[in-house]
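This briefing covers the chain shown below. It moves from overall layout to the sheet, the core and selected residues.

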Amino acid sequence: LLKRTLDRETSLLQAAKAEKKVLEPVLTKLEAVREQREFLRRKITLINELKSRQGEAVRFMETLSASLPDWVWLSEARFVRRNLQIKGKALTNLLVSDYMRNLEKSGLFEMVSLMGTAQKSQGGTVYVEFSLSANVPAPPGANAPGPAAKAKKTP
């Protein structure tokens, strides 16, 4: 009786091992599909985030341009982690100060600060190269969890 039971269990084990061997390629494909799905999900999330911030970039550029006094030119604007770094040229330090005041008045930027200036000349024209920094406050509700985060929390 024990031998028959052992033989039956052994044959069941061998059948299970054979079935596992047959299903291993399917499991490998399933894992690859899961990884690809996760990659595509992250990509879609990034695209949606960039798309939602697209309007913000347009507002920044419009404000930077509208705030420029005459005889002030921008050569670089860089946005890194809610901080805007601006480089440019102006005919005088007073014009740089006016630009900083205009940026603060716009309401879009906070803590506009002068990082440095340097007087330069080219072809008999004297000008000032400047570097500014400004913080960009987070939009209202930026710290609130989005619909995807809310959906994950509910069972």
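Two strands are counted as paired if DSSP finds at least two bridges between them. In this predicted model, β2 and β4 meet that criterion, since eight bridges link the two strands in the antiparallel sense. The points below place that pairing within the sheet and then within the chain.

**Overall layout**

- The chain contains three helices and four strands.
- Along the sequence, these elements follow the pattern α-β-β-α-β-β-α.
- Of the 155 residues in the chain, 17% are buried.
- Among the contacts with a separation of 6 or more, 55% are between residues 24 or more positions apart.
- The chain has an accessible surface of about 12200 Å², and carbon and sulfur atoms account for 58% of that surface.

**The sheet**

- The four strands form an open sheet, and their order across the sheet is β1-β2-β4-β3.
- The pairing in this sheet is antiparallel.
- β1 (72–80) and β3 (110–122) are the edge strands, each of which pairs on one side only.
- On average, neighbouring strands of the sheet are turned by 15° against each other, with direction ignored.
- Eight bridges connect β1 with β2 in the antiparallel sense; one of the pairs places F79 opposite L84 of β2, its bridge partner.
- In the antiparallel pairing of β2 with β4, again over eight bridges, N83 has N135 of β4 as its bridge partner.
- β3 is joined to β4 (residues 125–135) by 10 bridges, and these two strands also run antiparallel.
- Within the pairing of β3 and β4, the bridge partner of Q119 is V128 in β4.

**Helix α1 and the nonpolar core**

- Helix α1 spans residues 2–66 and lies across β1 and β2 (83–90).
- The direction of α1 makes an angle of about 155° with β1.
- The largest nonpolar core comprises 18 residues.
- The residues with the most contacts inside this core are L64, I86, Y99, L103, F109, F130 and L132.
- At least two residues of the core are supplied by each of α1, β2, α2 (93–105) and β4.
- α2 provides the largest share, with five residues.
- In soluble globular proteins, nonpolar side chains tend to be buried together.
- Leaving out residues up to four places away in sequence, L64 touches L74, A77, L84, I86, Y99, L103 and F109.
- Several of these partners, namely I86, Y99, L103 and F109, are also listed with L64 among the residues with the most contacts inside the core.

**N83 in strand β2**

- N83 is located in strand β2.
- The relative accessibility of N83 is 16%, so this residue counts as buried, the cut-off being under 20%.
- The side chain of N83 makes a polar contact of 3.3 Å with the side chain of S133.
- The side chains of N83 and N135 are joined by another polar contact, at 3.0 Å.
- N135 is therefore linked to N83 in two ways, through the side-chain polar contact and as its bridge partner in β4, under the criterion of N or O atoms within 3.5 Å for the former.
- Apart from neighbours within four places in sequence, N83 is in contact with R78, S133, A134 and N135.

**The hairpin of β1 and β2**

- The hairpin formed by β1 and β2 has two residues between the strands.
- R81 lies in the loop between β1 and β2, and R82 is in that loop as well.
- Most residues other than glycine have a negative phi.
- R81 has a positive phi, near 45°.
- R82 also has a positive phi, near 60°.
- Is R81 buried or exposed? R81 is exposed, because its relative accessible area is 79% and the cut-off is over 50%.
- R82 has a relative accessible area of 25%, so this residue is partly exposed, lying between the two cut-offs of 20% and 50%.

Conventions: Residues numbered from 1 in each chain as written. Predicted model: local features only at pLDDT ≥ 70, side-chain atom pairs only at ≥ 80, totals over all residues. Heavy atoms only, no water. Axes fitted to C-alpha atoms, helices over the stretch in contact; angles between N-to-C directions. Contact = heavy atoms within 4.5 Å. Core = buried A, V, L, I, M, F, W, Y, C linked by side-chain atoms within 4.5 Å. Buried < 20%, exposed > 50% of the residue type's maximum accessible area, 1.4 Å probe, protein only. Polar contact = N/O pair within 3.5 Å; in protein donor to acceptor, adjacent residues only side chain to side chain. Areas by Shrake-Rupley, 256 points an atom, 1.4 Å probe, with all protein chains shown as cover.
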